[in-house]
Amino acid sequence: MTQPEAAQEAIEYCYEQDWTDGLPVVPASRPLVDKFLAQTERAPEEVIGRIEQVGRDCTVELAAINAAMAGCKPEYFPVVLAAFEAVMADRAARGGGWQSTSGPAPLIVVNGPVRAELGFNSAGGAFGPGFRPNATVARAIGLIVRNAFGIRPHVLEQATQGLPGRWSICLAENEEESPWEPLSVECGLGEDVSAVSATLLRTCEYVDNRHTQDPEQVLADIADTMARTGAVIFREAPSGLVLGPEHAQMLAKAGFSKADVKAWLVEHVGRRRGDLRRAGKSGLTENGVRHADDPAADDEAFERFMSSPAQLPVVVAGARNAAMSMVVRVFGLWSGKAVPVGGKA
Amino acid sequence: MPEAILDPTGGLRAVSEGAAVLTPNRLRLAGATIGLLSNTKQNAALFLDELGKLLVERHGVAAVTPTVKTVFALPVPEDQLAQLKETCDAVITGVGDCGSCSASAVADGVAFERHGVPAAVICSDAFVVTADAMAELRDAKGYHYATTAHPVAVLNPDEVRKRAEEVLPEVVSILTTAS
């Protein structure tokens, strides 16, 4: 048997076991997985995540097997462990997020020297594809959820439609072209610390504004994108923002700090009650769930969709070749946490 | 060669076929107190309230105890389970009308039964696969729950009453019939 045939047979074996996300995986062998385990001081049997309702744990060993299958290099493994911890810091991810009819995806953000060391893309095409670390670290998380937690589509995973790129959104922050402090620094870590942050997304939507140099017009364009009624299910509709460097630099040049951008958006992202009424969402239950039945009549009243800048992640990523940014729709609450790669802050 | 490929799942769990789940002490509805454990999903509390009214009117149930499980995606907290066990003769829980809440409603039903409390779970029929999968995870393959047509969240109050009426016989059967 020639080697390609052996590889093909091994790949098909993984499909037969229902271990893949639809794409071919790298069959994990003991020697390969041991190379992953050698990248961390953590014991293979250490439990690094538990989904209470399905009673399943993920160990360092299982994370290593799934990271190997995802196509990671062994040296990516500390980033996978940090990404997994960051994802599990999201309350929804620990709860029923993976089973949700919303079908959310994790947004994974990498900061610090590890970006250059491992070749993470932070510039053009930041949302992918095309770069092995970005693609495989995100995929590793997806395979862990599928295999270690056993949450598979059409069974315990009940996404109504899901999200393009559900297990593929890992971007590195373009710290070099950002006018502001990196996300990890905002989360309390040092400037030279490699770290990973994450939150669950409903989707992301572009803002293409190459039309004005007025910062408030650009922010108004972003706010309008954040404020569409389809995204408003509860009292609040949290969003985040991945600014292209051109937008970020233009805002900074006009005197906006990152905190100023957040404050402006918190103030302006919302809709008039009449807009919500037309969408059948002007009523609110005691639990903060929107519905159609609203006894209040003031259609001009403006409802803000975000109450706190603390829940609005702002990241700079992408190329400085057009004024484009991405609104990201946060599924639950952004944890505001950055996890150091290798566990050392 | 396949023997050399490592398993990324941590191994398949053995699932016992039809493990004894139901408490053998099924209920006499007359004079009973029934806990109504709603899960904050839209219309769930109303649905259970309507069921409660019907049980009082038609089956001699003495009292109902509405309770809310605040985190719909997770199993009922231990203290809430203990409290319902202490104060109620049986529990009706739901409505499982989403991926995570239907699964956790079934997990709760199994937990109540294993604590000796007859329980009727209501899920919408879009989620039978996930509900059945959760029953298997709890070693309760084939666990019987009541279904109502999906969706529940968008129904108006009259439609919810109709649904409660429709599912009532199934709920009564689950609570009172020994397996």
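**Figure 1. Cysteine B:C98 is buried in a predicted model.** The relative accessible area of B:C98 is 5%, and a residue counts as buried when this value is under 20%. B:C98 is therefore classed as buried.

**Figure 2. Chain B combines helices and strands.** Five helices and five strands make up the count for chain B. Read along the sequence, they follow the pattern β-α-β-α-β-α-β-α-β-α. Of the 179 residues in chain B, 52% are buried. Contacts between residues at least 6 apart in sequence were also examined in chain B, and 83% of them join residues at least 24 apart. Along its principal axes, the C-alpha trace of chain B spans about 65 × 35 × 30 Å. The radius of gyration of chain B is 17 Å, which agrees with the value near 16 Å that a compact globule of 179 residues would have.

**Figure 3. Cysteine A:C58 has no disulfide partner.** How far is the sulfur of A:C58 from the closest cysteine sulfur? The distance is 13 Å, and the closest sulfur belongs to A:C72. A disulfide needs two cysteine sulfur atoms within 2.5 Å, so the sulfur of A:C58 is too far away for a bond. Over all chains, the count of disulfides comes to zero. A:C58 has 0% relative accessibility and therefore counts as buried.

**Figure 4. Helix α3 of chain A is mostly covered.** This helix runs over residues 60-70, and 11 of its 11 residues are buried. Among them are A:V60, A:E61, A:L62, A:N66 and A:M69. Which elements cover the buried residues of α3(A)? The cover includes the helices α2 (30-37), α4 and α7 (132-148) of chain A, together with the strands β1 (47-51) and β2 (56-59). Just after α3(A) comes A:G71, which takes a positive phi of about 100 degrees.

**Figure 5. Aspartate A:D90 is buried without a salt bridge.** A:D90 lies in the loop of chain A between α4 (77-88) and α5 (91-94). Which side chain of opposite charge is nearest to A:D90? The side chain is that of A:R94, 6.9 Å away. A salt bridge requires a side-chain nitrogen and a carboxyl oxygen within 4 Å, so A:R94 does not form one with A:D90. The side chain of A:D90 is instead joined to that of A:T199 by a polar contact of 3.4 Å. Leaving aside neighbours within four places in sequence, A:D90 is in contact with A:T199, A:L200 and A:L333.

Conventions: Residues are numbered from 1 along each chain as its sequence is written. Chains are lettered from A and ligands numbered from 1 in the order in which they are written. This is a predicted model: local features need pLDDT of at least 70, side-chain atom pairs count only at pLDDT 80 or more; totals for chains, interfaces and linings use all residues. Side-chain values use heavy atoms; hydrogens and water are left out. Helices (H or I, at least four residues) and strands (E, at least two) are DSSP runs, numbered from the N terminus. Buried means under 20% relative accessible area, exposed over 50%, partly exposed in between (1.4 Å probe, protein chains only). Lys and Arg count as positive and Asp and Glu as negative; His and the chain ends are not counted. A polar contact is a pair of N or O atoms within 3.5 Å; within protein, one must be able to donate a hydrogen and the other to accept it, and residues adjacent in sequence count only if both atoms are side-chain atoms. Contact means heavy atoms within 4.5 Å. The radius of gyration is taken over C-alpha atoms; the globule rule is 2.2 Å times the number of residues to the power 0.38.
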